[in-house]
Amino acid sequence: MANAPTFSVTTPIFYVNDAPHIGHAYTEVAVDVLARWNRQCGVETWSLTGTDEHGQKILRTAVANDVTPKEWADKLVADAWIPLLQTIDIANDDFIRTTEERHESVVQAFLQKLYDDDYIYFGEYEGYYCVGCEEYKQTDDLLLGSGEFEGQYVCPIHGRPVEVLKEANYFFRMSAFGERLLELYESQPDFIQPDSLRNEIVSFVRRGLDDLSISRQSFDWGVRVPWDDKHVFYVWFDALINYISALGWRADEPGELFQKFWPSNHIVGKDIARFHAVIWPAMLMAAGLPTPRRVFGHGWLLVGGEKMSKSKLTGIAPAQITDVFGSDAFRYYFLRAISFGQDGSFSWEDLAARYQAELANGFGNLASRVVAMVGRYCDGRLPAAGKLDEADARIQQVVEAAVERATAAMERFAIHEAIAAIWTIVDELNGYLTEQEPWKVAKDESRTERLHTILATAAEGLRALSVLLAPVMPQSTGLLWTALGAEAAIGPLAEQRIDRVAEWGQLPAGAEMSTLPPLFPRIEAEQLG
Ligand code: MSP
């Protein structure tokens, strides 16, 4: 019997050298929306996030703050990274830390296997290293510094000079996997998305791959190399393995979760796509394991045209936004305003404008008008629809088309397109009310049946919208769902299936509606600080 389809999706694991900014939260939210969407499509889903706690970058931060790296990591995880999940309403299935035993033991077992199978050897390497990226760099990838960095090579991402490192280390025979990687990209064209990133990575691999230094002996904040305890593993080699250690993979026993959910879809910022689309599949090939389902590299949030980052002091804390606009608006804004896969500039003005126009005036106002009219004209009970005319039937058609388009877009991870498709329902329903003028129909006693049909149609539209928008805005759709009386009449919102949402007439006549608090309250200028 074929296995039921499953969906597994991951964020990168984040460095704990600092607290999260909205760039990190952006990835978290995107992954959460994909996971919630798939769950509501009835697909068994697993979503993973976590923290990357080893390596020089964390060690240096801890030393600078006069604590051990483990103390530093524990504090940042407890005070910043776990609370982030609540701030932006993430429903992850697991949170992995690379300092956990369940992870470290898998790193050792995985790499012992590669060593036993002769994919790892001892050698020497000298090169430029960026501690910010935790990566050796080729001179082609670097810029020549100016001003205080005159005469030095500088990392274009971190804007700081790279360091020259010379070490005798263990190496992974990555050069042996070039052909197989190119075959993978060829046979699975959506393995790397979007296409621009795919092209970049294909040409990188075509130029030929070097072997990769995978251990360090100059510091000890990492997972010990099991066959030579003077060395710890290179932080990226350790980190990538989180995707299977969290699934409980073991060298001798793959484990139930691994069998069910691997291969996963990895959502990452485009800057780290190479690690995921080149190094990680090569490691898996060496271990004889299936390669990931897909690596999707999203764009950067830019501030002043540059990647937002704490090291450049341009980081904005997610709570600065959610405290004013709420978590739903945060989730909606970043996924709607930026094409997923492209860079996007953040601005408070744009956020405030979309909040007002799309959320407050568009969706929120629509919801409160319909619920209020059922309250006023029908004593808060959903009326039964009478004969449908063309305008009513059109609402159903718009919902059907939106579901189809949104589903296809979500399959490609084109989240912004999916939301835009769903938004056609908001616009259509607002237009429908303006045209049908139920407030006028209500004044004519001979047209009660028409009034009921309009309100029942609008309420059904809101039912569909609640279900379709629940993955993006779980809070406000939850309030609306309760106000529509749907919770009592149909059941919990999170259990509503997207593939059945266009079936009309699910809200039963007589469903008891309750008042709806403003979903997107007015923001006063002084709240913006
Ligand atoms: N620890 C590694 C990843 C290991 S995964 C096996 C790492 N961590 S990180 O803390 O630097 O976070 C990187 C991720 O944060 C990026 O891939 C991206 O998802 C997100 N972002 C960080 N800054 C960002 C922006 N300015 N814009 C969008 N996303 C950003 O790299």
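Here is a short chat between a student and a tutor about a predicted model.

Student: Let's start with the ligand. Which pocket does the ligand sit in?

Tutor: The ligand has a shell of 24 residues around it, with Ile13, Thr27, Asp52, Gly269 and Leu301 as the closest. As for where that is, the ligand sits in the largest pocket.

Student: How much of the ligand's area does the protein bury, in percent?

Tutor: Start with the polar contacts: a backbone N or O atom of tyrosine 15 is 3.0 Å from a ligand oxygen, and a backbone N or O atom of leucine 301 is 2.8 Å from a ligand nitrogen. Taken alone, the ligand exposes 670 Å², and the share of that buried by the protein is 95%.

Student: What is the distance between the side chain of aspartate 52 and a nitrogen atom of the ligand?

Tutor: Asp52 is listed among the closest residues to the ligand. Here the contact runs from an N or O atom in the side chain of aspartate 52 to a ligand nitrogen, and the distance is 2.6 Å.

Student: Which element gives the most residues to the shell around the ligand?

Tutor: Four elements each supply at least two shell residues: α1 (22-40), α7 (235-240), α8 (242-245) and β1 (6-15). The one that gives the most, with four residues, is β1.

Student: And by class, how many residues of the shell are charged?

Tutor: Sort the shell by class and you get 12 nonpolar residues and nine polar ones. The charged residues in the shell number three.

Student: Moving to the backbone, what is omega for the cis peptide bond between tryptophan 262 and proline 263?

Tutor: Proline 263 is in the loop that links α9 (256-261) and β13 (265-269). The bond joining tryptophan 262 to proline 263 is cis, with omega at about 5°.

Student: Where is proline 194, which follows a cis peptide bond from glutamine 193?

Tutor: The bond from glutamine 193 to proline 194 is cis, and its omega is near -5°. Proline 194 itself is in the loop between β9 (192-193) and α6 (195-206).

Student: Aspartate 89 has a positive phi. Is aspartate 89 buried or exposed?

Tutor: Its phi is about 65°, although aspartate 89 is not a glycine, and the residue lies in the loop between α3 (69-87) and β3 (94-97). The relative accessibility of aspartate 89 is 15%, and buried means under 20%. So aspartate 89 counts as buried.

Student: What about aspartate 379, buried or exposed?

Tutor: Aspartate 379 also has a positive phi, near 55°, and is in the loop between α13 (348-378) and α14. Its relative accessibility is 71%, and the cut-off is over 50%, so aspartate 379 counts as exposed.

Definitions and conventions: Residues are numbered from 1 along each chain as its sequence is written. This is a predicted model: local features need pLDDT of at least 70, side-chain atom pairs count only at pLDDT 80 or more; totals for chains, interfaces and linings use all residues. Side-chain values use heavy atoms; hydrogens and water are left out. A residue is near a molecule or strand if one of its heavy atoms lies within 4 Å of it. A polar contact is a pair of N or O atoms within 3.5 Å; within protein, one must be able to donate a hydrogen and the other to accept it, and residues adjacent in sequence count only if both atoms are side-chain atoms. Accessible areas come from the Shrake-Rupley method with a 1.4 Å probe; for residues, only the protein chains shown count as cover. On a 1 Å grid over the protein atoms alone, a cavity is a set of points where a 1.4 Å probe fits but cannot get out, and a pocket is an open set with protein on both sides within 12 Å along at least five of seven lines; lining residues have an atom within 4 Å of a point. A molecule sits in a cavity or pocket if more than half of its atoms lie within 2 Å of its grid points. Ala, Val, Leu, Ile, Met, Phe, Trp, Tyr, Cys and Pro count as nonpolar, Asp, Glu, Lys and Arg as charged, and the others, Gly among them, as polar. Buried means under 20% relative accessible area, exposed over 50%, partly exposed in between (1.4 Å probe, protein chains only).
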